Amino acid sequence: MSSEIQRTPRSRVRRLPQRGSYDRTVIDQILDEGIVAHVGFVHEGSPFVIPMGYARDGDRLLLHGSSASRLMRLLAAGTEAAVTVTLLDALVLARSYFHHSMNYRSVVVLGRTAEVAEEGEKNRALDVLLSRLVPGRHGDARPTNEIELKATLVASIPIKEATAKLRTGPPADDDEDLALPHWAGLVPLRTTFGPPEPAPDLTEGIEAPPYVVGYRRDG
């Protein structure tokens, strides 16, 4: 059975369509490796794009923030939104200005947001958000209390109308430029995380857990 998401006029890749992918496995891998999403929407006739932390929870993305936030109130009320996640893998240096590029993996999810309002589901969504951001952290910190829960809004957007777009490989120089005396190739980008830095008021003797010492994002 195909794992492809159905293409729509909005989600179909028009520019360089060979780079587009509607494979759900590819889409999920990119979403699971990312940390920050850019959430685009229109409010009172003006466009906004806001960076936010997120998590994939099965067939939906979860977003959260303060209940005092205008953005979160809008998302919780339900609005059409575009959520974009981009992973940069390399700078592509070509022999001509025109063919310089980047190797990347990206996903755009289009749809209508909705509030995660029921208390039990909201608590579970917050557990998912923490577990996706720092796998292993769930159960290793104080759970959200009632006051904090009321101060937080959680919104979701379904992963039904989505597209991945990717570029891989070396520069695509024109044949007539191959003999030019200019270096061409890739400058790879690696996202790395440094050693943990304890809070200045951390109780003496509490060591960083293994999931912090060995933190990584690999989808």
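A pocket here is an open set of grid points with protein on both sides within 12 Å along at least five of seven lines. I started my notebook with that term, since pockets were my opening topic. I also noted that I am looking at a predicted model.

**Entry: the largest pocket**

I looked up how much space the largest pocket holds, and the figure is about 380 Å³. Its lining counts 17 residues. I jotted down the ones nearest its centre: E33, T86, L87, L88 and T191. Then I asked which elements give two or more residues to this lining. They are β2 (36–43) and β5 (80–93). Of the elements, β5 gives the most, with six residues.

**Entry: the cavity**

Next I went after closed spaces. How many cavities of 30 Å³ or more does the structure hold? I found one. The volume of the largest cavity comes to about 40 Å³. I listed its lining as L31, D32, G34, Y54, A55, R56, R132 and R217. Both α1 (24–33) and β3 (46–57) supply at least two residues of that lining. β3 has the largest share, with three residues.

**Entry: salt bridges**

I turned to charged side chains. In general, side chains of opposite charge can pair when their charged atoms come close. I wrote down 19 salt bridges for this structure.

I picked E80 and R10 to begin with; their side chains meet at 3.8 Å, N to O. E80 sits in strand β5 and R10 in the segment before β1 (20–21), so this pair ties together parts that are 70 residues apart in sequence. I checked both for exposure: E80 is partly exposed at 39% relative accessible area, and R10 is partly exposed at 49%.

My next stop was R24 and D28, whose side chains form a salt bridge at 2.7 Å, N to O. Why are they separated by about one helical turn? Because they are four residues apart in helix α1. R24 has a relative accessible area of 15%, and since under 20% means buried, I put it down as buried. D28, at 14%, counts as buried too.

I also looked at E146 and K150, which meet in a salt bridge at 3.6 Å, N to O. Both are in helix α4 (residues 146–150), four residues apart, or about one turn of the helix. Are E146 and K150 buried or exposed? Both are exposed.

Last in this entry, I traced a network of salt bridges that links R24, D28, D32, R56, D59 and R132. I recognised some names from my cavity notes: D32, R56 and R132 are among the residues that line the largest cavity.

**Entry: aromatic pairs**

I searched for rings that pair, and the structure holds two aromatic pairs. In one of them, the rings of F41 and F48 have centres 5.6 Å apart and planes at 15°, so the pair is stacked. F41 is buried, at 8% relative accessible area, whereas F48 is partly exposed at 25%.

The rings of F193 and Y215 have centres 4.7 Å apart and planes at 80°, so I logged that pair as edge-to-face. F193 lies in the loop between β10 (185–188) and α5 (210–213), and Y215 in the segment after α5, so the pair ties together parts that are 22 residues apart in sequence. I have F193 as partly exposed, at 36% relative accessibility. Y215 counts as buried at 17%.

**Entry: a nonpolar patch**

I looked over the surface for nonpolar side chains. L88, L91, M102, W183, V187 and L189 make a nonpolar patch of about 540 Å². L88 was already in my notes as one of the residues nearest the centre of the largest pocket. I looked up V187 in particular: it lies in strand β10 and is partly exposed, at 37% relative accessibility.

**Entry: E44**

I finished with a backbone oddity. E44 has a positive phi of about 50° although it is not a glycine. Where is the place of E44? I found it in the loop between β2 and β3. E44 counts as exposed, at 73% relative accessibility. I also checked its distance to I159, which is 115 residues away along the chain: the C-alpha atoms of E44 and I159 are separated by 26 Å.

Methods
Residues numbered from 1 in each chain as written. Heavy atoms only, no water. Phe/Tyr/Trp six-rings, centres within 6.5 Å; stacked < 30°, edge-to-face > 60°. Buried < 20%, exposed > 50% of the residue type's maximum accessible area, 1.4 Å probe, protein only. Patch = residues over 30% accessible without salt bridge, like charges linked within 9 Å, V, L, I, M, F, W, Y side chains within 5 Å. Areas by Shrake-Rupley, 256 points an atom, 1.4 Å probe, with all protein chains shown as cover. Salt bridge = Lys/Arg side-chain N within 4 Å of Asp/Glu carboxyl O. 1 Å grid on protein atoms, 1.4 Å probe; cavity = no way out; pocket = protein on both sides within 12 Å on 5 of 7 lines; lining within 4 Å. Points joined across faces, edges and corners; volume = space filled by probe spheres on them.
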